[in-house]
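Thanks for coming. I will go through one model today, starting from a single residue and working outwards. Please have the sequence and the viewer open.

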Amino acid sequence: MGIPRNTGEGVDVLSERAKMMRDAVEKSQSITDNVVNILGSFDHRLSALDTAMRPTQIRTHAIRKAHGNIDKTLKAAEVILSQFDISRQAEVKILKGPHEDLESYLQAIEQLRNNIRFFSNNKSFKSSDGVLNHANSLLAKAISKLEEEFKQLLLSYSKPVEPDRLFECLPNSMRPSSGSPGHQESSGKNRLSNSNAEQNGAENAVFTPPTLIPPRILPLLHDLAQQMVQAGHQQQFVKIYRDTRSPVLEESLRLLGVEKLSKDDVQKMQWEVLEAKIGNWIHFMRIAVKLLFSGEHKVCDQIFEGFDSLKDQCFAEVTTTSVAMLLSFGDAIAKSKRSPEKLFVLLDMYEIMRELHSEIESLFIGKACTEIRESAFGLTKQLAQTAQETFSDFEEAVEKDATKTAVSDGTVHPLTSYVINYVKFLFDYQSTLKQLFQEFENGGDSNSQLAAVTMRIMQALQTNLDGKSKQYKDPALTHLFLMNNIHYMVRSVRRSEAKDLLGDDWVQRHRRVVQQHANQYKRIAWAKILQCLSIQGLTSSGGSNSGGVDGQNSSGVSRSIVKDRFKTFNVQFEELHQRQTQWTVPDTELRESLRLAVAEVLLPAYRSFIKRFGPLVESGKNSQKYIRYSAEDLDRMLGEFFEGKTLNEPKR
């Protein structure tokens, strides 16, 4: 837009426009003021309206809140009423008892417990204390009925196990053919020789514990136990379980044949009776641990599942008396007077306790079973200690044995056969003895220790035999006696496991001793008679006249001296024959060897003497009076030596 050419006209236009703008602003201000006034009027009116509406709003809010409270109260009342209804339903079931429907009864107890928890958390309810008292009283009655039900149920299914049923749970190799298990072992010798085979069989055999309570009953007993524990009735529960199961377990053992015997009872028994009872006890221990206690432990595992400490306590209390009844006999044996024959039964008892060690440890676990475990392991140690002491006693007894039992015929002494049999039996217990040596000798090579002990026993026997051999007045019989006994030792060792332990060196050394005594016997017994057959002293100093007064031959030998020699020989041989046919060499091979050794010396000397000097006697009168025996006669008569004949026994 261009500026008007007329300046005045332009100013007027601008002024006019400015005026219009002022008028517009003023008009706008006036409108604004009017609007403000109108709005102010509205604010005043709204404030007045709000003031007028407030009581209505308050009443409406209160009504709404009251409705909410009523709803809450109604809902709370509904919950409370439902709890009362649940309580009544539970009470009906509880008063009816658990016998007909145990599952429903247990549900009722759980409902009652929930009911108690509900009212305990809603103490504001006016009658909550009364309701709680009633509910707790009802719960106490329910638990009391459960205790009675548990007791009756357990009692109904707790019966002693008959021996035949237990035997059926044993491996076939261990089932008795008749009578009690101990009757399988009619003699100590048989029992001892079969010990290791039986032990090895026990280690590899499968034992099947009997079902002591039917499996279908165990879940019920578990549920009852759980309720009683939750109610805090652990001790009442333990008492019920112990008083019911413990007598049943004891009766099972009594039916089997277990007796509670004291040390005095054991001391009064004859050895044969006691030995049989020990054999039975070994079987009883195996049956008790592997079958009865194992079966009882399985019952406890299922009834007390989830309550380990309670399980251990109940198992301990149920088995304590039965275990004590078994261990008391073992303890009485271990502490009774020691004697050599008891060593093997002590080792048998020690073996069974070692065999059962791991099972006792796994069955009797936990603090509650500590005393039982310690008693069992204590018996094992006591048996080991007594066995070791008995072993030492035996070694000393062998060396100092002073029995006056005479073996007039020089045969094997009863002590020798007893000791050798004893040692052979010991080798049936090699592993057990090695275990003993490891426990009491602080380690070391158990083979070397067993070899050393065996050698000491053998040496003790030889020392004793040397002493007994001095009782013989005839030195030849002394050597025959020692030859017989040491040969018996050597032969027995060679035929037993002792050979591997003692070694070939021991065998060869003692074989030489046997030969030395045989040579000494020959020298002493036959030297004098062989002297009769020597030419020494036969020739006279009178020259070579063949027809002299004494009937000398061309060699200058006196006939009368030769006759005297034959007479002396006959008398001495007959005396030897009479005496030594009563002597005994029990081993056939040794007897023939000794006869042959004598014949090899005697017969050639006799033949030579007869050949050389017989004609001198035969040319005279009554030659048969002097040459009474031929070499063949002597050989036949030597065959009668060492047969142990009595004086009145006729010749064969």
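**A buried glutamine and its surroundings**

Glutamine 580 counts as buried, at 1% relative accessibility. Bear in mind throughout that this is a predicted model. Glutamine 580 sits in helix H20, which covers residues 559-580.

What does glutamine 580 touch, leaving aside residues up to four places away in sequence? The contacts are Tyr521, Ala525, Trp526, Phe641 and Phe642.

Take the last of those, phenylalanine 642. This residue is found in the segment after H23. Phenylalanine 642 is buried too, and its relative accessible area is 2%. Its backbone deserves a look: phi is positive, about 65°, although phenylalanine 642 is not a glycine. As background, most residues other than glycine have a negative phi.

Now the chain as a whole. How many helices and how many strands does the protein chain have? There are 23 helices and zero strands. The chain has 652 residues, and 44% of them count as buried. If you take contacts between residues at least 6 apart in sequence, 80% join residues at least 24 apart.

**Salt bridges**

In general, side chains of opposite charge can pair when their charged atoms come close. Searching the whole structure gives 27 salt bridges. I will show three of them.

The first on my list is lysine 239 with aspartate 243, where the closest N and O atoms are 2.9 Å apart. Both residues are in helix H8, residues 234-256, and because they are four residues apart there, about one helical turn separates them. Lysine 239 is partly exposed at a relative accessible area of 46%. Aspartate 243 is likewise partly exposed, with 37%.

Next, arginine 254 and glutamate 251. For this salt bridge the closest N and O atoms are 3.3 Å apart. This pair also lies in helix H8, with a spacing of three residues, about one turn of the helix. Arginine 254 has 42% relative accessibility and counts as partly exposed. Glutamate 251 has 28% and also counts as partly exposed.

The last example is arginine 591 with glutamate 643, with 3.9 Å between the closest N and O atoms. Here the pair links distant parts of the chain, 52 residues apart: arginine 591 is in helix H21 (residues 588-618), and glutamate 643 is in the segment after helix H23 (631-638). Is arginine 591 buried or exposed? Arginine 591 counts as buried, because its relative accessibility of 13% falls under the 20% cut-off. Its partner, glutamate 643, is partly exposed with a relative accessible area of 28%.

One point about connectivity: salt bridges that share partners join Lys239, Arg242, Asp243 and Glu317 into one network. Lysine 239 and aspartate 243 are the pair I described in helix H8.

**Helices**

Two packed helices are described by the angle between their axes and the distance between the axes. The pair I picked is helix H7, residues 218-230, and helix H10, residues 271-303, whose axes come within 8 Å and cross at roughly 55°. What do we call that arrangement of H7 and H10? H7 and H10 are oblique to each other, because the angle lies between the 35 degrees limit for roughly parallel and the 65 degrees where roughly perpendicular begins.

On the H7 side, the residues that meet H10 are Leu218, Leu221, His222 and Ala225. On the H10 side they are Val299, Gln302 and Ile303. Sorted by class, this contact has five nonpolar, two polar and no charged residues.

Now a single helix, H15, residues 414-426. H15 has 13 residues, and the distance from its first C-alpha to its last is 18 Å, close to the 18 Å expected at 1.5 Å a residue. Which residues of H15 are buried? They are Leu415, Thr416, Val419, Ile420, Tyr422, Val423, Phe425 and Leu426.

Finally, threonine 370, which is found in helix H14, residues 370-400. Threonine 370 is partly exposed, at a relative accessible area of 25%. Its C-alpha and that of alanine 316 are separated by 8.8 Å, with the two residues 54 apart along the chain.

That is the list. I can take questions now.

Definitions and conventions
Residues numbered from 1 in each chain as written. Predicted model: local features only at pLDDT ≥ 70, side-chain atom pairs only at ≥ 80, totals over all residues. Heavy atoms only, no water. Salt bridge = Lys/Arg side-chain N within 4 Å of Asp/Glu carboxyl O. Helix = DSSP H or I, 4+ residues; strand = E, 2+ residues; numbered from the N terminus. Buried < 20%, exposed > 50% of the residue type's maximum accessible area, 1.4 Å probe, protein only. Expected span 1.5 Å × (residues − 1). Contact = heavy atoms within 4.5 Å. Axes fitted to C-alpha atoms, helices over the stretch in contact; angles between N-to-C directions. Parallel < 35°, antiparallel > 145°, perpendicular 65-115°, else oblique. Nonpolar A, V, L, I, M, F, W, Y, C, P; charged D, E, K, R; others polar.
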